[in-house]
Amino acid sequence: SNTSDIHKDCLFRDYPIFRNFSGGIYSYSSHCLKPDPIIFRKAIEEFSLVPQETLYVDDLEDNVRVASGAGFAAVRYDQAAHGAFLREARALGLTLPEG
């Protein structure tokens, strides 16, 4: 994530959904920003990811494009087009709830 340590702490405190995740690649500690391909390589290395088996979701098209170029299954999320996101994610083989 392109964030600072202060903002990261606020996100984890104020948005309980983030508590479902452990670890992360943060721009302030990795010294690079999305969409720089380096940040995606760092994620692959740190978490031993297989990009083709890893879904990357972002609201910014440039980040999705670079993640896709790094081999990730990458989908852009637009809250105004939630249904389109679900269709695209399902087309990648994900099982998602209706809605």
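## Salt bridges

A salt bridge is a pairing in which a side-chain nitrogen of Lys or Arg lies within 4 Å of a carboxyl oxygen of Asp or Glu. Keep that cut-off in mind as you look at this predicted model. The side chains of Arg76 and Asp78 make such a pair, with 3.9 Å from N to O. Because the relative accessible area of Asp78 is 30%, Asp78 is partly exposed. Arg76 is partly exposed too, with a value of 34%.

How many salt bridges does the structure hold? There are five, and two further examples are worth finding on your screen. One of them links Lys8 to Asp9, whose closest N and O atoms are 3.9 Å apart. Asp9 has a relative accessibility of 45%, so Asp9 counts as partly exposed. Another links Asp62 to Arg65, and here the closest N and O atoms are 3.5 Å apart. Where do Asp62 and Arg65 lie? Both belong to helix α4, which covers residues 61-69, and they sit three residues apart, about one turn of the helix. Asp62 is partly exposed, because its relative accessible area is 45%.

## The end of helix α1

Now move to helix α1, made of residues 5-14, and look for Arg13 there. Is Arg13 buried or exposed? Its relative accessibility is 53%, so Arg13 counts as exposed; the cut-off for that label is over 50%.

Asp14 is also found in helix α1. Its relative accessible area is 42%, so Asp14 is partly exposed. The side chains of Arg13 and Asp14 are joined by a polar contact of 2.8 Å.

## A nonpolar patch on the surface

Which residues form a nonpolar patch on the surface? They are Tyr15, Ile17, Phe18 and Phe21, and together they have about 430 Å² of accessible area.

Let us take two of these residues in turn. Ile17 is in the loop between α1 and α2. With a relative accessibility of 54%, Ile17 counts as exposed, because that value is over 50%. If you trace the chain from Ile17 to Asn63, you travel 46 residues, and the C-alpha atoms of the two are separated by 22 Å. Phe18 is also found in the loop between α1 and α2, where α2 covers residues 27-30. At 30% relative accessibility, Phe18 counts as partly exposed.

## The largest pocket

Next, have a look at the largest pocket, which holds about 1,200 Å³ of space. Its lining is made of 27 residues, and those closest to the centre are Ser1, Phe18, Lys34, Tyr56 and Val57. Which elements give two or more residues to the lining? They are α1, α3 (residues 37-47) and β1 (residues 55-58).

Phe18 is a good residue to pause on here. It is part of the nonpolar surface patch, and it is also among the lining residues closest to the centre of the largest pocket.

## Backbone details in the loops

Lys34, which you have just met beside the pocket centre, has a backbone detail of its own. What kind of peptide bond joins Lys34 and Pro35? It is a cis peptide bond, with omega at about 10°. Pro35 lies in the loop between α2 and α3.

The loop between α2 and α3 also contains His31. Although His31 is not a glycine, it has a positive phi of about 60°. The relative accessible area of His31 is 71%, so His31 is exposed.

Ser48 is in the loop between α3 and β1. What is phi for Ser48? The angle is near 50°, a positive value in a residue other than glycine. Ser48 is exposed, because its relative accessible area is 62%.

## Putting it together

To finish, here is a short tour to repeat on your own. Start with the salt bridge between Asp78 and Arg76, then go to helix α1 and find the polar contact between Arg13 and Asp14. Continue to the patch formed by Tyr15, Ile17, Phe18 and Phe21, and use Phe18 to step to the centre of the largest pocket. End at the cis peptide bond between Lys34 and Pro35.

How values were computed: Residues numbered from 1 in each chain as written. Predicted model: local features only at pLDDT ≥ 70, side-chain atom pairs only at ≥ 80, totals over all residues. Heavy atoms only, no water. Helix = DSSP H or I, 4+ residues; strand = E, 2+ residues; numbered from the N terminus. Buried < 20%, exposed > 50% of the residue type's maximum accessible area, 1.4 Å probe, protein only. Polar contact = N/O pair within 3.5 Å; in protein donor to acceptor, adjacent residues only side chain to side chain. Patch = residues over 30% accessible without salt bridge, like charges linked within 9 Å, V, L, I, M, F, W, Y side chains within 5 Å. Areas by Shrake-Rupley, 256 points an atom, 1.4 Å probe, with all protein chains shown as cover. 1 Å grid on protein atoms, 1.4 Å probe; cavity = no way out; pocket = protein on both sides within 12 Å on 5 of 7 lines; lining within 4 Å. Points joined across faces, edges and corners; volume = space filled by probe spheres on them.
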